[in-house]
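Here are some notes for a colleague who has not yet looked at this structure. They deal with helix packing and with the empty space between the atoms.

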Amino acid sequence: MDQLLSSLTIKVNNKIYVKDPNSSDLGKRIIQFSIILIDEIGFENFNFKKLGKLISSNESSIYRYFENKHKLLLYLTSWYWGWIEYQLVFGTNAMPDKEEKLKRAIQIICQSIKEDSSFSHINEVKLGKIVISEYSKSYLTKEVDTENKEGYFAIYKRLVTRLSSMINAVNPTYLYAASLSSMIIEGSLHQHFLKEHFTSITDCSDTISPTDFFQDLVLKTLKTT
């Protein structure tokens with residue numbers, strides 16, 4: 001599987017960028033160091049001027065790849081969900097037991113992120129932290145409906161659909177598979193955030209993971225309906 005993953009590329013909607021950052025060394029550096037900088041200072045304080053200084057490049061050169069920092073965030077989060085989707089597909093492939101397949105899918109979605117050597121210019125651990133803290137900022141905007149029609153969130157929606165189909169496979173009579181699927185994905189981000197910042201209002205800890213919580217919640221829910 002490692003050899004297969006190493007030959008894969010995550011394809012992001014080409015309407016999100018002006019020029020594909022994977023097409024040049026500069027583009028890859030923009031992605032690499034934008035992840036580092038956003039993780040360090042937060043998305044609100046991030047801008048192309050600071051990024052340009054960090055990579056020793058003119059601010060104008062970054063605009064040749066991304067129209068604005070919102071589009072850059074959309075790219076980063078879309079790439080992340082595409083990366084999770086690849087893991088989900090390969091990690092659950094050929095698993096005959098439907099319940100075990102769903103449990104494995106929840107684990108892949110909810111687990112703490114580990115760095116993947118298949119993509120040398122992307123630190124998946126830092127990117128995962130950005131998604132936990134900043135993902136909602138990519139869609140809680142006035143332009144969300146237009147951007148949705150343009151397909152900016154297609155990868156994320158496809159991931160929700162994949163997980164929803166696994167839920168239906170375990171219990172075909174369950175009426176809320178899509179809602180449960182999206183809750184698992186969004187909820188895992190929220191539980192990771194609470195575990196890091198608001199420990200008094202979550203049971204997740206060093207010994208109880210978001211994976212434990214959602215596997216328990218989902219399987220018990222599907223068995224009681």
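**Notes on helix packing, the cavity and the pocket**

1. The model is predicted. The points below take three helix pairs in turn, then the enclosed space and the open space.

2. Begin with H5 (69-92) and H7 (residues 124-134). Their axes come within 10 Å and cross at roughly 115°. The two helices are therefore roughly perpendicular to each other, and the crossing is left-handed. On the H5 side the contact is made by Leu-73, Leu-76, Thr-77, Trp-79, Tyr-80, Trp-81 and Trp-83. H7 contributes Glu-124, Leu-127, Gly-128, Ile-130, Val-131 and Glu-134. By type, the residues of this contact are nine nonpolar, two polar and two charged.

3. H5 also packs against H6 (residues 98-110). Here the axes come within 10 Å and the crossing angle is roughly 150°, so H5 and H6 are roughly antiparallel to each other. H5 passes H6 in a right-handed crossing. Ile-84, Gln-87, Leu-88, Gly-91 and Thr-92 of H5 meet Lys-101, Arg-104, Ala-105, Ile-108 and Ile-109 of H6. The residues of this contact divide into five nonpolar, three polar and two charged.

4. H6 has a further partner in H9, the helix that spans 154-170. Their axes lie 9 Å apart, at an angle of about 150°. An angle over 145 degrees counts as roughly antiparallel, and H6 and H9 are therefore placed in that class. Their crossing is left-handed. From H6, the residues in contact are Lys-98, Glu-99, Lys-101, Leu-102, Ala-105 and Ile-109; from H9, they are Leu-163, Met-166, Ile-167, Ala-169 and Val-170. This contact has eight nonpolar residues, no polar ones and three charged. Lys-101, Ala-105 and Ile-109 of H6 also appear in the contact with H5.

5. What lines the largest cavity? Its lining is made up of Leu-74, Thr-77, Ser-78, Trp-81, Tyr-135, Ser-138, Tyr-152, Phe-153, Ile-155 and Tyr-156. H5 and H9 each supply at least two of these residues, and H5 gives the most, with four. Seven lining residues are nonpolar, three are polar and none is charged. The volume is about 50 Å³, and the count of cavities of 30 Å³ or more comes to one. Thr-77 and Trp-81, both in this lining, also take part in the contact of H5 with H7.

6. The largest pocket holds about 440 Å³ of space. Of the 21 residues that line the pocket, Gly-128, Lys-129, Ile-132, His-192 and Glu-196 lie nearest its centre. H2 (25-41), H7 and H10 (177-197) each supply at least two lining residues. Which helix gives the largest share of the lining of this pocket? That helix is H7, with seven residues. By type, the lining of the pocket has nine nonpolar, seven polar and five charged residues.

7. To tie the points together, H7 packs against H5 and also contributes to the lining of the largest pocket. Gly-128 belongs to both settings: this residue is part of the contact with H5 and is among those nearest the centre of the pocket. H5, in turn, lines the largest cavity together with H9.

Notes: Residues are numbered from 1 along each chain as its sequence is written. This is a predicted model: local features need pLDDT of at least 70, side-chain atom pairs count only at pLDDT 80 or more; totals for chains, interfaces and linings use all residues. Side-chain values use heavy atoms; hydrogens and water are left out. On a 1 Å grid over the protein atoms alone, a cavity is a set of points where a 1.4 Å probe fits but cannot get out, and a pocket is an open set with protein on both sides within 12 Å along at least five of seven lines; lining residues have an atom within 4 Å of a point. Grid points are joined across faces, edges and corners, and a volume is the space filled by probe spheres set on the points. Ala, Val, Leu, Ile, Met, Phe, Trp, Tyr, Cys and Pro count as nonpolar, Asp, Glu, Lys and Arg as charged, and the others, Gly among them, as polar. Axes are lines fitted to C-alpha atoms, for helices over the stretch in contact, and angles run from 0 to 180 degrees between N-to-C directions. Angles under 35 degrees count as roughly parallel, over 145 as roughly antiparallel, 65 to 115 as roughly perpendicular and the rest as oblique. A crossing is left-handed if the near helix is turned anticlockwise from the far one by less than a right angle, and right-handed if clockwise. Contact means heavy atoms within 4.5 Å.
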